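I opened my notebook for a look through this structure, one feature at a time. Here is what I looked up, in the order I got to it.

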Amino acid sequence: MLALALGGFGIGTTEFASMGLLPAMAAGTGVSEPVAGHFVSAYAFGVVVGAPTIAALAARVERRTLLIALMATFVVGNLATALAPGYESLLAARFLAGLPHGAYFGVAALVAAHLAEPGKRAKAVATVMMGLSVANVVGVPATAFFGQILGWRSAFVLVVIIGIVTLVALARLVPPLAGVHVSNPVAELGALTRVQVWMTLIFATVGFGGSFAVYTYISSTLTDVSGLPHAMVPVALMLFGSGMILGNVVGGRIADNAVVPGLFGCMIALICVLALFIVAAHNPVTALIVLFFIGMAVTAIFPSVQARLMDAAGDAKTLASTLIHGAFNLANAGGAWIGGVVIAAGYGYTAPAAVGALLGVAGLIVLTIAVLLDRRRSTAQAGTPAE
């Protein structure tokens with residue numbers, strides 16, 4: 001479990017590291033900060049492409065072997081990031097680094113459930129996902145700290161080291177997994193024929209996009225709008241990550257009790273804190289407080305989204321486990337792009353929060369339609385006479 005969670009820690013670190021280092025990456029590649037936001041989008045598109053593709057094509061591959069191959073790709077992608085000489089090569093490197101992201105989390109969750117003791121499967125899966133949240137408390141602030149002192153490339157060298165340690169841990173600690181169920185490409189792709197799978201993915205993509213519109217440019221927002229010293233940015237990122245950890249715990253309990261009401265409640269909470277951030281961002285204290293609750297609201301939604309998607313996917317468990325990470329990172333890419341557009345248009349660094357709140361409202365509309373369609377289908381089935 002530690003080896004699997006360590007991989008989640010490394011992936012979570014590289015996913016969010018660019019956001020804390022964006023001004024430095026922009027200066028280092030000779031582009032504006034909104035254009036540098038494409039580095040975030042490139043990684044996210046790598047996740048979107050890699051998650052379903054790897055899950056389908058590698059459906060028959062033994063799970064331990066697949067995990068090691070995915071982590072090796074992760075190391076290569078981040079090494080290429082650290083060595084990229086310019087804008088175009090850095091875009092390509094971030095795309096490569098993102099390819100194994102969703103597939104790793106999907107396969108690691110299934111492996112954790114297989115290795116866990118009876119009655120502790122959910123806790124095992126949560127342990128793997130906790131690596132992602134802890135990355136925002138430890139890994140991302142560490143990369144921001146080293147990036148400020150030694151340059152942004154050093155942050156990705158740190159990520160490469162984490163990846164190498166994970167490779168060794170996976171090889172030495174994870175046993176052969178011949179007993180883990182493997183599927184086939186056709187069965188896995190069957191999930192894509194289900195309407196509720198698509199509706200859940202659209203909800204996640206649109207709804208989560210708002211938080212990424214804010215978080216992508218959080219470094220400049222805190223320094224230019226809130227008046228926070230540059231040296232305090234790692235602390236702010238750590239605070240955001242602490243909110244994510246608490247949200248992960250709260251969201252898991254919510255999902256165990258009521259999935260759909262949990263989705264509505266958590267999304268409404270996210271809309272409220274994003275809207276509040278428009279005003280709160282002008283003061284360093286209130287900005288940090290609301291940033292904590294944004295992190296909490298984002299991850300509180302995730303367990304309920306995961307549960308609904310797994311229920312809707314039927315037998316295509318591997319693809320379902322990876323698709324949610326694809327949707328999450330499509331939201332990442334879209335949020336980064338939209339945030340860059342409104343900033344470049346001259347609306348300032350608080351404009352992404354306004355756009356984010358609107359995206360949350362759009363997500364609620366999608367969820368409402370999905371629930372109504374589900375109820376209509378259930379009613380129709382209940383009214384069908386037995387043969």
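The entries below go from charged side chains to rings, and then to contacts between parts of the chain.

**Entry: ground rules.** I am working with a predicted model, and I keep that in mind for every value here.

**Entry: salt bridges.** How many salt bridges does the structure hold? I found 1. The partners are D374 and R308, whose side chains meet at 3.9 Å, N to O. That pair ties together distant parts of the chain, with D374 in helix α15 (residues 351–382) and R308 in helix α13 (residues 284–313). Along the sequence the two are 66 residues apart. I noted that the N to O distance of 3.9 Å passes because the cut-off for a salt bridge is 4 Å.

I then asked myself whether R308 is buried or exposed. R308 is buried, since its relative accessible area is 11% and the limit for buried is under 20%. D374 has 22% relative accessibility, so I wrote it down as partly exposed.

**Entry: a charge without a salt bridge.** Next I turned to E33, which lies in helix α2 (residues 33–57). E33 is buried yet has no salt bridge. Which side chain of opposite charge is nearest to E33? It is R94, and R94 is 15 Å away. I did find a polar contact for E33, though: its side chain meets the side chain of Y349 at 3.4 Å.

**Entry: a nonpolar patch on the surface.** I went looking at the surface and found a nonpolar patch formed by V195, V361, I365, I369 and L373. Together these residues have about 410 Å² of accessible area. Which helix gives the most to the patch? The answer is α15, with 4 residues. L373 sits in helix α15, and I list this residue as partly exposed because its relative accessible area is 37%. I was pleased to meet helix α15 again here, as D374 of the salt bridge lies in that helix too.

**Entry: aromatic pairs.** My search of the whole structure gave 6 aromatic pairs. One of them joins Y104 and F105, edge-to-face, at 6.1 Å centre to centre with 80° between the planes. Both Y104 and F105 are buried.

I also looked at F145 and F146. Their ring centres are 5.5 Å apart and their planes stand at 75°, so this pair is edge-to-face. Here the accessibility reads otherwise: F145 is partly exposed, with a relative accessible area of 45%. F146 counts as partly exposed as well, at 34% relative accessibility. For the angle, I leaned on the cut-off of over 60 degrees for edge-to-face.

**Entry: contacts along the chain.** I finished with C-alpha distances, taking three residues in turn.

F156 lies in helix α7 (residues 152–173). F156 is buried, as its relative accessibility is 0%. What is the C-alpha to C-alpha distance between F156 and T81? I read 6.8 Å in space for a pair that is 75 residues apart in sequence.

A354 is in helix α15, and its relative accessible area of 32% makes A354 partly exposed. From A354 to L274 I noted 7.0 Å, C-alpha to C-alpha, with their places 80 residues apart in sequence.

A112 belongs to helix α5 (residues 101–115). At 0% relative accessibility, A112 counts as buried. Its C-alpha atom is separated by 8.5 Å from that of T127, and the two are 15 residues apart along the chain.

**Entry: to revisit.** If I come back to one spot, it will be helix α15, which holds D374 of the salt bridge, gives 4 residues to the nonpolar patch and also contains A354.

Conventions: Residues are numbered from 1 along each chain as its sequence is written. This is a predicted model: local features need pLDDT of at least 70, side-chain atom pairs count only at pLDDT 80 or more; totals for chains, interfaces and linings use all residues. Side-chain values use heavy atoms; hydrogens and water are left out. Buried means under 20% relative accessible area, exposed over 50%, partly exposed in between (1.4 Å probe, protein chains only). Patches are made of residues with over 30% relative accessible area and no salt bridge: like charges are joined within 9 Å, nonpolar side chains (Val, Leu, Ile, Met, Phe, Trp, Tyr) within 5 Å. Accessible areas come from the Shrake-Rupley method with a 1.4 Å probe; for residues, only the protein chains shown count as cover. Rings of Phe, Tyr and Trp (its six-membered ring) pair if their centres lie within 6.5 Å; planes under 30 degrees apart count as stacked, over 60 as edge-to-face and the rest as tilted. Lys and Arg count as positive and Asp and Glu as negative; His and the chain ends are not counted. A polar contact is a pair of N or O atoms within 3.5 Å; within protein, one must be able to donate a hydrogen and the other to accept it, and residues adjacent in sequence count only if both atoms are side-chain atoms.
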